[in-house]
Amino acid sequence: MSQIIYPALQGPCKKSSLIRRAALLALTAYGIKTLYPFVYKAFLKRKTQLLKSQPNGTPKGSTENQGTTPGVNKDFLRRLVYLLKILFPRILCHEFGLLGMHSVALISRTFLSIYVASLDGKIVKTIVKKTPKDFIFELTKWLLIAIPATFVNSAIRYLEGKLCLAFRTRLVNHAYKLYFSDQTYYRVSNMDSRLANPDQSLTEDIVMFAGSVAHLYSNLTKPILDVSLTTYTLLNTAKSKGANTTWPSFIAGLAVFVTAKVLRTCSPKFGKLVAEEAKRKGELRYMHSRIITNSEEIAFYGGHKVELSLLQHCYKDLASQINLILFERLWYVMLEQFLMKYVWSASGLVMVAVPIITATGYSESDSEEVKKLALEMKEEELVSERTEAFTTARNLLTAAADATERIMSSYKEVTELAGYTSRVHEMFTVFEDVRSGIYKRAADVQSHPEKGALMKHGFRIEGPLEIKGQVIDVEHGIICENIPVITPTGDVVVACLNMKVEEGMHLLITGPNGCGKSSLFRILSGLWPVYSGVLYKPPPQHMFYIPQRPYMSVGTLRDQVIYPDTVDDMHQKGFDDKDLQDILNIVNLNYIVQREGGWNAESDWKDVLSGGEKQRMGMARMFYHRPKYALLDECTSAVSIDVEGRIFQAAKDAGIALLSITHRPSLWKYHTHLLQFDGEGNWKFEKLDTAARLSLTEEKQRLEAQLDGIPKMQHRLRELCKILGEDTLVRTDSKPELELVE
């Protein structure tokens, strides 16, 4: 019957098979035709982006030369070794302990995998032999081994997370130590232009690097161990059965070599792509933070359209970079999957089949009795033995192939790690350079400025700025000897400043905007370097700078008065809340404690306090710290004149020497000397005659008022002459001869 039915069904089956193949080919052709235009456009777009990403100069935020991009090379290894020394500062450390436990878990998982593979073979053998008791026994062992196996799997993930957190903690502590020492947090943003977004480097870049290192260790250590042990087990098993292992070993080596060569050749530069993506993420985050910081000003101007366009531009740049990475991964992963899944699977079948087909059932070292038993084994026994060997070998080979695939795929992760390593290493390099007084600007060129070149007002110094000046700490007085005032961009504001502020002097500093008043304070505070000359000044703890907009910290009301001290520091200095209340009385803020609910009240003080209250809070800090010298940068411009006068007089009575920038004539009487800049690079240092200066100021204001009325009087005279039809004896030029010159 079957001989009649089978030929009758064979024809329709062949036809349906041909129809399915034809439909599959048609669908494939249609898919290629549909996707080709999109693929071609994406290729052209990527080519255009690569051409555009080759500027003539080095962009801001990059210390690398145009020829060096993040990749797996000597620079990557050098940077990685540098960072690994930070992660593992010594042999006996917490990170090494976690790494050891993680390694033990990975090794345990490999041995468990080999044991489970052998159990699978035994279970299949009992099924083929139809022995229920043996099947139940082997299945019970398989279920029991699952308990430690699942625990080890969970422990591997747990220890990887702990290792990642430990790495991140170590890097963050080291970064914060550098960032908050020697005013690096200020200088890295204002004196140096290599790090465009330090907050991005301190947060996301460190997180990505720590996670990548911890994950890559798991993805490399366990697969290498898996490949080694499974290969050893397969070879021993094959030799014990008398199988030939030469051709399988050759096929395995050839498949891995060809795959590695092809993937290495076709692999995109993921390190460069990831580094660029991280940079654009930082730019987008900076744009958001800038809008939050300046939200009030933007709202007043109605600048939401401009800010929206800037945000959209940054986001489009980021989206285009992400699309580029996704497109590169699309074809790379397709090639990777084709080689590692299908080519390797075909090779694996050949590798498993050849030893089983050529196996004799015994090895050369076995005794004659064992060989005789193997030759006399029944066909049923041979089938079960072959099935067990095939199942075990297939499972082990699958594990080895997966491990090899992870090793090959990890190259992509290594290239991405190269990008993160480059950014984190760059951050630490910039921090260390800035601490050492080495600054690099976006406009710096390779050539140094000519020796002997004169510094003049209005000129910009090209090339790296060399710090040749000296800063000497003294107990009393401030002396500037041939000190130039140069901005971080290299603009010369004052070529040479000489002055001497002795004990008991109170200095008033005046001049037009941009003449160097605040710049001088930055030099005296140590924020800007002394490029030449000698500066004698008291140590930083004896000088206190108060800006026009005082900084309000996060914390209690008490913290605002004692900033930057803590409560413990306050008690060590012998202050209590009653002393702080007395200080608030001096600056006319005694009501604020009751209004805000006590000294322990916490709030967003930059929004709660008004402009005048914040300025008086800044002055309160001066009375708390009692410095020898107070640098006051228009710090009472929002305070009433009577309160302002009492504060300045109280400061003088407390023995605090005042160096003040102010435009209010009412404060001149609290100073003894004058430093006046003219905005053209010139300056004048002299004893201040308050009465004479006030008299001259009043005369200036009177003349300004009189001259301001002349154009109006001339215009009215011309109107009257026109109405009367008469001439005038007074000259009425359309442009008056007298011009107001400030």
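Helix α4, which covers residues 132-179, offers a simple consistency check on its own geometry: with 48 residues rising 1.5 Å each, the helix should span 70 Å, and because its end C-alpha atoms lie 69 Å apart, the expectation and the model agree. The model is a predicted one, and that agreement is therefore between an expected span and predicted coordinates. Within α4 there is nevertheless a kink of about 30° at Ala146, shortly before the proline Pro148.

Helix α4 belongs to a protein chain of 742 residues, of which 38% are buried, and whose secondary structure amounts to 21 helices and 10 strands. Among the contacts in this chain with a separation of 6 or more, 76% join residues that are 24 or more positions apart. The accessible surface of the chain is about 43,300 Å², and carbon and sulfur atoms contribute 60% of that area.

Turning to the interior, in soluble globular proteins nonpolar side chains tend to be buried together. Here the largest nonpolar core holds 83 residues, and the members that touch the most others are Phe209, Met427, Phe428 and Leu524. Helix α4 supplies the largest share of this core, with 13 residues. Met427 illustrates how such a residue is surrounded: leaving aside residues up to four places away in sequence, Met427 touches Ala175, Leu195, Ser201, Leu202 and Ile206. A second core, separate from the one just described, comprises 38 residues, among them Val593, Trp605, Met617 and Val643.

Definitions and conventions:
Residues are numbered from 1 along each chain as its sequence is written. This is a predicted model: local features need pLDDT of at least 70, side-chain atom pairs count only at pLDDT 80 or more; totals for chains, interfaces and linings use all residues. Side-chain values use heavy atoms; hydrogens and water are left out. Helices (H or I, at least four residues) and strands (E, at least two) are DSSP runs, numbered from the N terminus. Buried means under 20% relative accessible area, exposed over 50%, partly exposed in between (1.4 Å probe, protein chains only). Contact means heavy atoms within 4.5 Å. Accessible areas come from the Shrake-Rupley method with a 1.4 Å probe; for residues, only the protein chains shown count as cover. The expected span of a helix is 1.5 Å times one less than its number of residues. The bend at a residue is the angle between axes fitted to the seven residues ending there and the seven starting there. A nonpolar core is a set of buried Ala, Val, Leu, Ile, Met, Phe, Trp, Tyr and Cys residues joined through side-chain atoms within 4.5 Å.
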